[in-house]
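Work through the following exercises with the sequence and the model open side by side. Each task is followed by a solution that goes step by step.

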Protein chains: 2
Amino acid sequence: MKPASATIRDVARHAAVSVASVSRALNGHSNVHPDTRARVLASAKSLGYVPHAGARSLSLARSHAIGVVLPDLHGEFFSEIVRGMDREAGAHGYHLLLSNMHADAELAAQAMRSMRGRVDGLIVMAPQIDATGLDEALPAGIPTMLINSPDSTGRGAMRVDNRAGIDAIVRHLLASGRRALVHVAGPAGNIDARERREGFLAAMARHAPGQPSRVIEGNFREEAGERAVATLLDEGEAVDGIVAANDMMALGALQALREAGLDVPDAVAVTGFDDVPLARYMGLTTVRVHLADMGARAVARLIDALEHPSDRPGGDTEWLTPTLVVRTTTTERTDP
Amino acid sequence: MKPASATIRDVARHAAVSVASVSRALNGHSNVHPDTRARVLASAKSLGYVPHAGARSLSLARSHAIGVVLPDLHGEFFSEIVRGMDREAGAHGYHLLLSNMHADAELAAQAMRSMRGRVDGLIVMAPQIDATGLDEALPAGIPTMLINSPDSTGRGAMRVDNRAGIDAIVRHLLASGRRALVHVAGPAGNIDARERREGFLAAMARHAPGQPSRVIEGNFREEAGERAVATLLDEGEAVDGIVAANDMMALGALQALREAGLDVPDAVAVTGFDDVPLARYMGLTTVRVHLADMGARAVARLIDALEHPSDRPGGDTEWLTPTLVVRTTTTERTDP
DNA sequence: CTGAAAGCGCTTACAG
DNA sequence: CTGAAAGCGCTTACAG
């Protein structure tokens, strides 16, 4: 038998006061006689009373919970973002309600709807849904912050400046003497993948107008990096730099190159995107997106909007510029 | 102006029925006239009605949410566990309510209490709290599953068999010809750290009675592995195997050894514990704990207990035996 | 098959 | 300073 948790009525009875007084005493209102407060506190303690958060939020129309809807992210990417969010949320007395988003837009919409009435606001990361799909899926009437998602009118957003990141990478490779660069792209339909691809093409056109530039399709996963190298090797094309759309594909490419007996960076330089912790271990040159900060910042902005609803529409997009991290996969060749 | 979300009363009015009928129609009860149901569905749709989960759970005394209280875990460890939990929870229509647990037992207790009334059950991982502290912190009257935590009477638990894991590691090292092993331990007060340390001593006593065995204090973090190697080097003691209490310290040791010009595994073998994804990349021999499975299993058992409360006390402890994963940091020496 | 009513556990004007 | 009452948005016996 679980000893059915004490309710506010039990405390009221035990302290011989009304539930209203219990509520006021426990919530620290000033209009409570010190004696009453003491009695209530004692009763609550002796009964092991813990307020029922659900009832409280129904009454207050405030749950102090934030819904987080993320795609099925891999490893460190996921944990870094969630860690940042959790820290910020916890610091403000909020909880995080998690929901993995399935690729299917319909299921995603349902996941978001199922959060109504249990969260005060929503943080959504939907890089793989198009703008109209996202607009339809997002529940109306609940403050929402978008992370790396297509623009949705009137909602706050956090975005990584993918173009700037790739531009920095390309300039770095060109400066180190690389000429034949190929981009291993992320999955079709993913907004980050698209911007990185476009960024690559734009950077090449701008900084190395005469040079060849090529794109091989990928999917953000390690095997895609390996496959890209296999393709390149098959074709026997001259390549001295691989610009992967994310770290995992870069790592896959790295491994495939080494297995093929090609020296990195002497024969081919390799770069990633994200700077997951693994990148540091593998000496991968990449571009750093501070994921934890991005998550924390999204939460901070959302909470701000929740607690000062009047301030302003709040539909700004905040851009995070990734920073270049040069490591050993792109250092100057030993025999130029 | 957010268009204050429609409530069940709005739908009732719009469909010209009672709220009771709306509730029944929307919840698929059989005792509703088809015409009524159709009208309700149409009204709900046209008003964009989404039930208020908070009100629903107050009424049903069921939130379909599971509270998850974890210590501030690093990287992949965290994401793997949460991923496993989220998958399993999602499959059963449950949400996860996250709360990072601060080391402080008092704050931890508060974090757990703050979940009352918003979750149906709790999953707690508290390797760093002692048994009585945990018992005091755990809220009564809410089904709880413990992961890698001290025993708490009557609650279900999932535990990693740390002793078996270390035993497998030690046997493997001895079999590969190592003799002078040192254990780099985890933080004091952590139950996994303690069991791994004890397991190391026990395994040495059993399998290599005459051999030296030593323990250096650590804290599960990378630097601790580096420091341990520095200590060993300073003392000039003969060591040919380092058994770290987790992967991160093993990685730190690896790096320090290499920087000191010592070949791994020729001069010194190194092993970890956990098998985080990084371990594979670094070729680290370790012992694999399937974190995602552990998380999923904990959720599955909790949900089972929630939905079939009668079945049995449910206070069993389920042990997961980690499996040895041999990689390059322990291969046979080239010059024996 | 349907509706009026009570209830889930809180909070907060309102009246004393 | 205090209590009775209404209300938050639902669900579900209960009576038709």
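**Exercise 1.** Which helix supplies the largest share of the surface near DNA strand D?

*Solution.* The model is a predicted one, and the search begins with the residues around the strand. DNA strand D is surrounded by 28 residues, the closest being A:Thr36, B:Ile8, B:Ser23, B:Arg56 and B:Ser59. Next, at least two residues each come from α2 (19-26) and α4 (53-60) of chain A and from α2 (19-26) and α4 (53-60) of chain B. Finally, α4(B) gives the largest share, with four residues. By character, the residues of this surface divide into eleven nonpolar, 13 polar and four charged.

**Exercise 2.** Determine which parts of DNA strand D the protein approaches, and name polar contacts to phosphate and base.

*Solution.* Of the atoms of DNA strand D that come within 4 Å of the protein, 67% belong to sugar and phosphate. On the phosphate side, a polar side-chain atom of A:Ser18 is 3.1 Å from a phosphate oxygen of the strand. Turning to the bases, a side-chain N or O atom of A:Arg24 lies 2.7 Å from a base nitrogen, while B:Ala55 places a backbone N or O atom 3.2 Å from a base nitrogen.

**Exercise 3.** Work out how chain B is related to chain A.

*Solution.* A turn of 180° with a shift of 0.0 Å along the axis lays chain B on chain A with an RMSD of 0.0 Å. The two copies are therefore related as by a two-fold rotation axis. The same surface serves both copies, since 100% of the contact residues of chain B recur in chain A.

Terms used: Residues numbered from 1 in each chain as written. Chains lettered and ligands numbered in written order. Predicted model: local features only at pLDDT ≥ 70, side-chain atom pairs only at ≥ 80, totals over all residues. Heavy atoms only, no water. Least-squares fit on C-alpha atoms with pLDDT ≥ 70 in both. Contact = heavy atoms within 4.5 Å. Near = heavy atom within 4 Å. Polar contact = N/O pair within 3.5 Å; in protein donor to acceptor, adjacent residues only side chain to side chain. Nonpolar A, V, L, I, M, F, W, Y, C, P; charged D, E, K, R; others polar.
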